Amino acid sequence: MASTLLLVTAALPAINQARELLAERAMAVLGGWALLNLLVSGYFVARTDARTVLHHFHLMNVGWNVVNLLLAVAGLLRANPYGVGSLSLADSLTAQFNFEKLLVLNLGLDVAYLCIGSWLQARAATDPKPVRLLGFGRSLWLQGGFLLLFDSGLYLIYHRFAAQLLQLVG
């Protein structure tokens, strides 16, 4: 019993800090993606004809990545890798599984973005002015595809901490 308590006391703060650092780094990656998209698409949206698919593609990318950047900044401001050392095992498990649930929800949204992008592409075939639908659909494919890879990769890496925390329960 005493050795288990000692193990929990020693390992738990390190696990919590590593989990929080991972989440913080993930928000930095999302912010980097958003900034890259804002720079590239911001440049091209101003230099493409508004009647082209490419213009609408870049326009949607700009709007999409303003939101991504806001989410990344909020996540970075919320991150506190050095303030989670005092979390109890129960609080650590709650935080772990709440974040995992959020990632699973995001994965569902990512699939929805890809489906909506496909729907827009199909809808463009019958639209008399398809350029906006085509551009927006392609943007949803790019952004949804990136987010699907990002969220699934983050989930797979982050879920490793669940196993470590559950080992401490015994």
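**Entry 1: α3 and α4.** In this predicted model, I looked up how helix α3 (residues 89–124) meets helix α4 (residues 131–158). I found that their axes come within 8 Å and cross at roughly 160°. Angles over 145 degrees count as roughly antiparallel, and I therefore recorded α3 and α4 as roughly antiparallel to each other. I noted that α3 passes α4 in a left-handed crossing. Sorting the residues of the contact of α3 with α4 by class, I obtained 21 nonpolar, nine polar and five charged.

**Entry 2: α2 and α4.** I then turned to α2 against α4, whose axes are 7 Å apart and which pack at an angle of about 40°. I entered α2 and α4 as oblique to each other on the basis of that angle. The crossing of α2 and α4 I recorded as right-handed.

**Entry 3: α2 itself.** I checked the length of helix α2, residues 53–78. With 26 residues at 1.5 Å a residue, α2 should span 38 Å, and the end C-alpha atoms are 38 Å apart, which agrees. I also looked up burial in α2 and found, among the buried residues, Val53, His55, His56, Phe57, His58, Met60, Asn61 and Trp64. Further along α2, Asn65, Asn68, Ala72 and Gly75 are buried too.

**Entry 4: the record.** I consulted the unreviewed UniProt entry, which lists residues 27–46, 58–79, 99–120 and 140–158 under "transmembrane region". For residues 27–46 I noted 95% helix and 0% strand, with the end C-alpha atoms 28 Å apart. For residues 58–79 I noted 95% helix and 0% strand, with 31 Å between the end C-alpha atoms.

Note on methods
Residues numbered from 1 in each chain as written. Predicted model: local features only at pLDDT ≥ 70, side-chain atom pairs only at ≥ 80, totals over all residues. Heavy atoms only, no water. Helix = DSSP H or I, 4+ residues; strand = E, 2+ residues; numbered from the N terminus. Expected span 1.5 Å × (residues − 1). Buried < 20%, exposed > 50% of the residue type's maximum accessible area, 1.4 Å probe, protein only. Axes fitted to C-alpha atoms, helices over the stretch in contact; angles between N-to-C directions. Parallel < 35°, antiparallel > 145°, perpendicular 65-115°, else oblique. Left-handed = near helix turned anticlockwise from the far one by under 90°. Nonpolar A, V, L, I, M, F, W, Y, C, P; charged D, E, K, R; others polar. UniProt positions renumbered as here; feature names shortened; annotations may be inferred.
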